[in-house]
Amino acid sequence: MTQGVRLIRDVGLAPTEYAYAAVTDVPVRAVWAAGACPLDADGATVCPGDVAGQTHQVMRNLADALAAAGAALTDLTKTTVYVASSDRADLATAWKVYREHMNGHDVPSTLLGVTVLGYTGQLVEVEAVAVLPLP
């Protein structure tokens, strides 16, 4: 986790798998990442019908986009995970894969079941905000 981010967990609310808030106390550089999609290098949607497979690709793509901005998954301060499904099992599957990639960095996050996402066959998307200390 970046030195400029403090995750707030124990605030008397129900225990969760994510922090309730993130605070930055130093001047920072912010990175807003567009929703990462399950696309390969040619722009094709990968793993049709496979929530776990698409979530792995989404998280790899998010990590690559952050790296291009000089950040990493450990610099994230907020994420939103979208799953095109009304089945909670699909949401749980996406969340499990997301957490594997986050490797214990339990930033505030929202998990949503939605009707449809932008690309044909797309089941998962993750958008994120990261902060980094100023150079």
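Me: Which residues do ring pairs link into a cluster here?

Reply: Ring pairs join Y18, Y20, W95 and Y98 into a cluster. Please note that the model is a predicted one.

Me: How many aromatic pairs does a search of the whole structure find, and how should one read such a pair?

Reply: A pair of aromatic rings is described by the distance of the centres and the angle of the planes. In this structure the search returns three aromatic pairs. For Y18 and W95, the ring centres are 6.2 Å apart and the planes stand at 85°, so this pair is edge-to-face. It connects distant parts of the chain, since Y18 sits in the loop between β1 (5-8) and β2 (21-24) while W95 belongs to helix α2 (residues 88-102), 77 residues apart.

Me: What geometry do the rings of W95 and Y98 have?

Reply: The centres of the W95 and Y98 rings lie 4.9 Å apart with planes at 25°, so the pair is stacked. Both residues are in helix α2, three residues apart, which is about one turn of the helix.

Me: Is W95 buried or exposed, and where does Y18 stand?

Reply: The relevant cut-off for burial is a relative accessible area under 20%. W95 counts as buried because its relative accessibility is 11%. Y98 is buried together with W95. Y18, with a relative accessible area of 27%, is partly exposed.

Me: What does a search of the whole structure find in the way of cavities?

Reply: Rolling a probe the size of a water molecule over the atoms shows where empty space is left. Here the search finds one cavity of 30 Å³ or more. The volume of the largest cavity is about 60 Å³.

Me: Which residues line the largest cavity, and how do they divide by class?

Reply: The lining consists of E17, Y18, W95, Y98, R99, M102, G104, H105, D106 and V107. By class, five of the lining residues are nonpolar, two are polar and three are charged. Y18, W95 and Y98, which belong to the ring cluster, are among the lining residues.

Me: Where does T55 lie, and what does its side chain reach?

Reply: T55 is part of helix α1 (residues 51-68). T55 has a relative accessible area of 0%, so it is buried. Its side chain reaches the backbone oxygen of V51 at 2.7 Å. Apart from neighbours within four places in sequence, T55 is in contact with A94, V97, Y98 and V124. One of these contacts, Y98, is also in the stacked pair with W95.

Me: In strand β4, what are the surroundings of T77?

Reply: T77 lies in strand β4. T77 is buried, because its relative accessible area is 11%. Leaving out neighbours within four places in sequence, T77 is in contact with V5, A22, V107, P108, V129, A130 and V131.

Me: How should K78 be read: which residues does it touch, and what polar contact does its side chain make?

Reply: K78 lies in strand β4 (residues 76-83). Its relative accessible area is 31%, so K78 is partly exposed. Not counting residues up to four places away in sequence, K78 touches V107, P108, S109, T110, E127, A128 and V129. The K78 side chain makes a polar contact with the side chain of T80 at 3.4 Å.

Me: What distance separates the C-alpha atoms of K78 and A52?

Reply: These C-alpha atoms are separated by 21 Å, the two residues being 26 residues apart along the chain.

How values were computed. Residues numbered from 1 in each chain as written. Predicted model: local features only at pLDDT ≥ 70, side-chain atom pairs only at ≥ 80, totals over all residues. Heavy atoms only, no water. 1 Å grid on protein atoms, 1.4 Å probe; cavity = no way out; pocket = protein on both sides within 12 Å on 5 of 7 lines; lining within 4 Å. Points joined across faces, edges and corners; volume = space filled by probe spheres on them. Nonpolar A, V, L, I, M, F, W, Y, C, P; charged D, E, K, R; others polar. Helix = DSSP H or I, 4+ residues; strand = E, 2+ residues; numbered from the N terminus. Buried < 20%, exposed > 50% of the residue type's maximum accessible area, 1.4 Å probe, protein only. Polar contact = N/O pair within 3.5 Å; in protein donor to acceptor, adjacent residues only side chain to side chain. Contact = heavy atoms within 4.5 Å. Phe/Tyr/Trp six-rings, centres within 6.5 Å; stacked < 30°, edge-to-face > 60°.
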